[in-house]
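Visitor: I'd like to go through this fold and ask how each label is earned. Could you walk me through the reasoning?

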Amino acid sequence: MSAAQAPVSAPDHEVAIVGGGFSGIGAAIALSRAGIEDVTLIEQGDGVGGAWHWNTYPGVAVDIPSFSYQYSYEQRADWSRVYAPGQELKAYAESCVERYDLAPRIRLETKITGAAFDDDRHLWKLSTDSGETISARHVIGATGVLTQPKPPGIDGLEDFAGTTLHTARWDHDVDLRGKRVAVIGTGASAVQLIPSIAPEVAHLTVFQRTPIWCLPKPDAPLPPPFRAALRWIPGARWLFRALSQTYVELTFPVAAHYASVVPVAAQSERLGLRHLQVVTDPEVRDKLTPRYSLGCKRPSFSNEFLPTFNRDNVALETTSIARITADGVQTSDGVEHPVDVLVLATGFKVFESGNMPPFPVTGADGADLDQFWTDNRFQAYEGVSVPGFPNFFTILGPYGYNGASYFTLIENQMRHIVRCLGHARRQGATRVEVTSEANKRFFEQMLSRRGRQVFFQGSCGSANSYYFDANGDVPFRPSTTIEAAWRSARYDLTDYRFEPLPAG
Ligand code: NAP
């Protein structure tokens with residue numbers, strides 16, 4: 001059907017948000033504050049909170065200070081610790097839903113299985129696992145990145161006769177007390193899990209492939225008088241947020257993206273090496289020592305992880321895993337490690353096809369988003385929009401996230417999107433598409449900044465970092481958070497084409 005003959009029937013909603021984590025909740029709040037109320041938020045799980053809904057393993061907590069890990073406009077005064085535990089973050093998500101009256105807009109237990117743009121009607125059709133189709137003028141992808149547990153690809157996994165758990169799908173009915181437990185992986189999840197379970201298990205074997213840089217965590221309970229001060233003293237919450245934002249900015253974006261300019265990463269390495277001295281056995285300490293530059297992969301923060309290897313019931317195994325057997329783990333030297341419970345702390349799909357988002361997206365002229373990225377490398381204008389995919393915006397698109405707080409990312413990307421949708425409204429436009437020229441300009445600018453990034457200057461060869469995609473690109477935004485915020489408010493609106501539905 002040609003555009004001229006298209007029916008002008010309205011979509012079910014002006015905006016559909018896919019994902020009920022902090023990105024989706026933040027998107028719904030930002031739209032509401034901008035007066036865009038015809039919004040539906042679709043979430044696959046049976047509750048909101050995203051990562052904090054799914055990840056409930058022992059020890060789960062945020063790894064940047066809570067003063068930064070919250071919306072700027074919804075700052076809590078009652079975090080129990082500097083680094084809040086997972087259940088407090090889940091409760092925070094729920095409290096935001098309640099406070100902004102989002103529940104009537106949220107559809108839980110609804111999985112989006114595909115999205116296709118109807119260019120005759122300027123709307124997206126979202127298919128769901130129930131067979132129902134939901135239409136929306138605009139779609140905001142808020143599905144996160146670290147959401148799909150990645151099978152570790154180890155032979156024999158299905159042969160294991162004991163219990164297998166993944167950190168991101170913890171089964172709290174499994175009792176680890178007195179059991180022989182193996183943890184595969186030493187990423188951020190394992191760093192939190194290992195010290196939490198070590199005291200209760202009979203024996204714990206940690207299978208490490210690549211050591212992680214582990215830095216001291218400036219964590220502490222926030223006592224009631226401190227919380228009262230945060231609540232009642234004018235400006236106190238903003239003061240601690242400013243301190244926290246500065247710390248986060250220095251330890252993540254500045255350390256990684258300005259490595260050749262500001263030697264934060266090198267100094268942090270020295271701190272990490274000093275922290276390793278808590279490990280008493282020199283051989284174990286050596287095995288835990290990373291041989292790549294700090295920043296090549298996500299560092300972790302913990303005061304308990306390294307000392308756990310001083311325990312008598314904990315063993316660090318660095319011989320590679322040959323296969324899983326019915327009784328445990330066999331390493332490549334032929335040794336069998338008997339195990340009752342096997343914990344996969346093996347992470348998630350990240351920068352790979354089928355994950356961004358985790359459903360097929362078909363844009364104008366049948367273009368497939370995954371294919372676009374396979375052909376052209378990961379890219380998105382300001383990390384938000386892709387040419388050929390009108391009316392489709394992403395919170396966590398390529399070159400959007402700079403490594404600081406996800407909350408600043410969410411607020412920045414929503415400032416960008418709301419500005420775009422506001423302009424479309426004022427113009428009477430129903431189709432909004434970023435131009436190829438603007439996208440190309442942005443992509444080239446991001447690539448031109450590699451010269452100062454740790455990923456391309458440091459020795460990342462042995463890091464085995466999920467930051468690098470199949471093309472060797474690291475699709476993080478190589479900028480400060482202030483620059484990202486500024487650009488979200490100032491980008492040139494002519495970088496988008498705004499078109500109305502043809503009359504008829
Ligand atoms: P991850 O960082 O990807 O770590 C996975 C671990 O499993 C790595 O040590 C990896 O080794 C190992 N592994 C994977 N496949 C393996 C195999 N076949 N054989 C042996 N080892 C294998 O995953 P994660 O720890 O779940 O963390 C993912 C991300 O989630 C973090 O980087 C962080 O951004 C986020 N996170 C955040 C928090 C928080 O506090 N906010 C907490 C947890 C996670 P290699 O290193 O050799 O690949």
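**How the labels are earned**

Guide: Let's start with helix H10, residues 406-427, in this predicted model. With 22 residues at 1.5 Å each, it should span 32 Å, and its end C-alpha atoms sit 31 Å apart, so the length agrees with that of a helix.

Visitor: What makes H10 mostly covered?

Guide: A residue is called buried if its relative accessible area is under 20%. In H10, 16 of the 22 residues are buried, hence the label.

Visitor: What do we find at the start of H10, and what just after it?

Guide: At the start, a side-chain oxygen of Ser405 comes to within 3.0 Å of the backbone nitrogen of Phe407. The cut-off for a polar contact is 3.5 Å between N or O atoms, so this pair is inside it. Just after H10 comes Gly428, with a positive phi of about 70°.

Visitor: How do you know that the chain as a whole agrees with a compact globule?

Guide: For 504 residues, the globule rule gives a radius of gyration near 23 Å; the chain has 24 Å, so the two agree. Along the principal axes, the C-alpha atoms fill a box of roughly 75 × 55 × 45 Å. Buried residues make up 56% of the chain. Of the contacts with a separation of 6 or more, 73% are between residues 24 or more positions apart. The secondary structure comes to 13 helices and 20 strands.

Visitor: Why is the sheet of 5 strands called open, and which strands are its edges?

Guide: The order is E7-E16-E8-E9-E12, with parallel pairing. Strand E7 (163-166) and strand E12 (314-317) are the edge strands, since each pairs on one side only. Neighbouring strands are turned by 20° against each other on average, direction ignored.

Visitor: What makes E9 and E12 a pair?

Guide: Two strands pair if there are at least two bridges between them. Strand E9 (residues 203-207) is joined to E12 by 4 bridges, so the parallel pair qualifies. One detail of that pairing: Phe207 has Glu317 in E12 as its bridge partner.

Visitor: Which helix packs on this sheet?

Guide: Helix H4 (residues 188-197) does, touching strand E8 (180-184), E9 and strand E16 (341-344). The direction of H4 makes about 165° with that of E8.

Visitor: And how are the strands of the sheet E13-E14-E15 paired, parallel or antiparallel?

Guide: The pairing in this open sheet of 3 strands is antiparallel. Its edge strands are strand E13 (321-324) and strand E15 (336-338), each pairing on one side only. On average, neighbouring strands are turned by 25° against each other, direction ignored. Strand E14 (residues 328-331) is joined to E15 by 3 bridges, and Val329 stands opposite His337 in E15.

Visitor: What makes E4 and E5 a hairpin?

Guide: Strand E4 (residues 112-118) and strand E5 (residues 123-128) pair in the antiparallel sense over 6 bridges, and 4 residues lie between them. Across the pair, Phe117 stands opposite Trp124 in E5. In the turn, His122 has a positive phi of about 55°. E4 is also joined to E17 by 2 bridges, in the parallel sense. At least two bridges are needed for a pair, so E4 and E17 count as one. There, Ala115 stands opposite Val361 in E17. As for cover, 5 of the 7 residues of E4 are buried.

Visitor: Why is Glu382 called buried, and Asn464 partly exposed?

Guide: Buried means under 20% relative accessible area, exposed means over 50%, and partly exposed is in between. Glu382 has 4% relative accessibility, so it counts as buried. Asn464 has 46%, so it is partly exposed.

Visitor: What makes the phi values of these two residues worth a look?

Guide: Most residues other than glycine have a negative phi. Glu382 has a positive phi near 55°, in the loop between helix H9 (369-376) and strand E18 (392-394). Asn464, not a glycine either, has a positive phi of about 55° and is found in the loop between helix H12 (454-457) and helix H13 (481-490).

Visitor: How do you know that the bond between Met356 and Pro357 is cis?

Guide: The omega value is about -5°, and the peptide bond joining Met356 and Pro357 is cis. Most peptide bonds are trans. Pro357 is found in the loop between E16 and strand E17 (361-362).

Definitions and conventions. Residues numbered from 1 in each chain as written. Predicted model: local features only at pLDDT ≥ 70, side-chain atom pairs only at ≥ 80, totals over all residues. Heavy atoms only, no water. Axes fitted to C-alpha atoms, helices over the stretch in contact; angles between N-to-C directions. Contact = heavy atoms within 4.5 Å. Expected span 1.5 Å × (residues − 1). Buried < 20%, exposed > 50% of the residue type's maximum accessible area, 1.4 Å probe, protein only. Polar contact = N/O pair within 3.5 Å; in protein donor to acceptor, adjacent residues only side chain to side chain. Rg over C-alpha atoms; globule rule 2.2 N^0.38 Å.
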